[in-house]
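Let's take a walk through a protein together, one stop at a time. Have the sequence and the 3D view ready, and look up each residue as it comes along.

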Amino acid sequence: MEDRTLHPDASSHNVRVLEISRSKRDAPPAHYTLKVESFSQLCRILRDNDLEKYESDDFEAGGYKWKMVLYPHGNWNGGANGHISLYLAIAEAKAIPPGSQVDVTLKFFVYDHIRDKYLTIQDDEMRRYHYLKTENGFDQLISLKMFNDPSNGYLVDDHCVFGTEVHVNKYEGKGEKFSIIEEPDNGAFTWKIERFSKLQKGRNFSKEFSVAKHKWRLMLYPKGDSMAGGNSLSLFLQLLNNSAHPQLRVVVSKQTSDTSFSIPMTGSDWFISKSSVDCCWGRSDFMPLNDIYDASKGFLVDDTLIVEAQISLLADVEPLS
């Protein structure tokens with residue numbers, strides 16, 4: 001069962017209203033527990049020494065050191081008359097340099113000895129710490145009337161238990177930028193392959209070329225890859241870094257004036273590169289080998305084949321700095 005109440009955010013001196021939820025759970029606090037063996041004696045010691053708060057030892061959570069700050073009779077500066085006040089303070093103020101911040105979600109706990117459950121108190125706000133704001137919590141964690149009532153189980157034989165959980169939201173600054181580049185500079189590349197008939201049977205690569213900060217190369221199987229059945233030239237465009245979505249055109253160029261047999265291949269694809277030959281676009285049956293070796297069609301002249309690639313539009317993805 002959960003109880004929700006509205007409270008002004010007095011600790012930060014703002015007029016906004018926070019929704020405070022109170023529920024019970026079995027699990028103990030994950031980060032720190034403050035067990036008080038004699039609550040009345042603690043109150044007396046603080047009073048005799050003109051103190052109003054008790055600070056716990058430091059503990060670490062989320063990469064920072066923290067401490068619990070307990071006001072057994074309430075933080076009067078926070079308007080907590082008749083309540084217990086409980087806060088979480090960052091133990092080393094210099095841990096947060098000027099201009100930086102640490103955002104956390106907070107939970108506080110009060111143990112119910114009778115029902116063996118933990119009253120859990122939290123609000124709907126992210127709490128922010130910086131070099132001028134080193135403490136957050138609840139001015140009115142629980143009323144002294146409710147706390148002192150034996151039937152509620154929070155103070156039994158002068159024993160009580162408080163606890164906290166603090167979850168740091170770390171902003172890593174990671175992200176990506178998506179942009180469209182039309183007609184990118186140096187978007188065309190020509191691969192002149194001499195002694196084509198002497199190429200090794202497996203894959204052959206062009207030299208690398210750059211378009212819009214991306215590195216590319218052409219990959220060619222002169223006798224076809226394993227899917228081509230030995231009847232076709234296999235040709236692919238490969239991305240070597242990052243991710244991109246290009247519109248592209250790849251063609252084996254005719255070297256004679258008759259272009260009736262020129263067969264360009266156009267299309268688009270999404271490249272997600274892992275520096276792998278699998279990150280490529282093309283076809284196993286790009287062009288019949290009979291057409292390439294047919295001298296009348298003009299694709300292979302003096303044992304030289306010319307392949308052209310053009311990227312006309314690029315949807316570019318790059319990490320944010």
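Start at Arg 195, which you'll find in the loop between strand 14 and strand 15 (204-205). Keep in mind as you look that this is a predicted model. Is Arg 195 buried or exposed? Its relative accessibility is 58%, and anything over 50% counts as exposed, so Arg 195 is exposed. There's something else to spot here: the phi angle of Arg 195 is positive, about 50°, although the residue is not a glycine.

Now hop over to Glu 183. This one sits in the loop between strand 13 (176-182) and strand 14 (188-193). Glu 183 has a positive phi too, near 45°, and again we're dealing with a residue other than glycine. With a relative accessibility of 55%, Glu 183 counts as exposed because that value is over the 50% cut-off.

Time to zoom out. The protein has 321 residues, and 43% of them are buried. Its chain forms 3 helices and 24 strands. The accessible surface adds up to about 17500 Å², with 48% of that belonging to carbon and sulfur atoms. And how do the contacts span the chain? Take the contacts with a separation of 6 or more: 66% of them are between residues 24 or more positions apart.

For an example of residues that are far apart in sequence, go to Lys 24 in strand 2 (residues 17-25). Lys 24 and Lys 117 are 93 residues apart along the chain, yet their C-alpha atoms are separated by 6.1 Å. Thr 120 gives you another case: its C-alpha atom is 5.6 Å from that of Lys 24, with the two positions 96 residues apart along the chain. The side chain of Lys 24 also has a partner, Asp 112, which it meets in a polar contact of 2.7 Å. As for its surroundings, Lys 24 has a relative accessibility of 34%, which lies between the 20% and 50% cut-offs, so it counts as partly exposed.

Stay with Thr 120 for a moment, in strand 9 (residues 117-123). Which residues does Thr 120 touch, leaving aside neighbours within four places in sequence? The list is Ser 21, Arg 22, Ser 23, Arg 25, Lys 107, Phe 108 and Phe 109. Thr 120 has a relative accessibility of just 4%; that is under 20%, so Thr 120 counts as buried.

Next, head inside. The largest nonpolar core is made of 37 residues, and Trp 66, Leu 141, Phe 147 and Phe 162 have the most contacts inside it. Strand 8 (residues 102-112) gives the most to this core, 5 residues in total. Apart from this core lies another, with 29 residues, including Leu 218, Leu 233, Trp 281 and Leu 314.

Phe 162 is worth a closer look. Not counting residues up to four places away in sequence, its contacts include Tyr 32, Leu 34, Met 68, Ile 84, Phe 109, Leu 141 and Phe 147.

That brings us to aromatic rings. A pair of them is described by how far apart the centres are and by the angle of the planes. This model has 12 aromatic pairs. In one of them, Trp 66 and Tyr 129, the ring centres are 5.1 Å apart and the planes are at 70°, so the pair is edge-to-face. This pair links distant parts of the chain, as Trp 66 is in strand 6 (residues 64-71) and Tyr 129 is in strand 10 (residues 127-129), 63 residues apart. Both residues, Trp 66 and Tyr 129, are buried.

Compare that with Phe 147 and Phe 162. Their ring centres are 6.0 Å apart with the planes at 15°, so this pair is stacked. Here the link runs from Phe 147 in helix 2 (residues 144-148) to Phe 162 in strand 12 (residues 160-169), 15 residues apart. Phe 147 and Phe 162 are both buried, and together with Phe 39 they form one aromatic cluster.

Last stop: rings with a charge over them. The charged end of Arg 217 sits over the ring of Phe 205, 3.8 Å from the ring centre. Lys 254 has its charged end over the ring of Phe 299, 4.9 Å from the centre.

Methods: Residues are numbered from 1 along each chain as its sequence is written. This is a predicted model: local features need pLDDT of at least 70, side-chain atom pairs count only at pLDDT 80 or more; totals for chains, interfaces and linings use all residues. Side-chain values use heavy atoms; hydrogens and water are left out. Helices (H or I, at least four residues) and strands (E, at least two) are DSSP runs, numbered from the N terminus. Buried means under 20% relative accessible area, exposed over 50%, partly exposed in between (1.4 Å probe, protein chains only). Contact means heavy atoms within 4.5 Å. A nonpolar core is a set of buried Ala, Val, Leu, Ile, Met, Phe, Trp, Tyr and Cys residues joined through side-chain atoms within 4.5 Å. Accessible areas come from the Shrake-Rupley method with a 1.4 Å probe; for residues, only the protein chains shown count as cover. A polar contact is a pair of N or O atoms within 3.5 Å; within protein, one must be able to donate a hydrogen and the other to accept it, and residues adjacent in sequence count only if both atoms are side-chain atoms. Rings of Phe, Tyr and Trp (its six-membered ring) pair if their centres lie within 6.5 Å; planes under 30 degrees apart count as stacked, over 60 as edge-to-face and the rest as tilted. A charge sits over a ring if NZ of Lys or CZ of Arg is within 6 Å of the ring centre and within 35 degrees of the ring normal.
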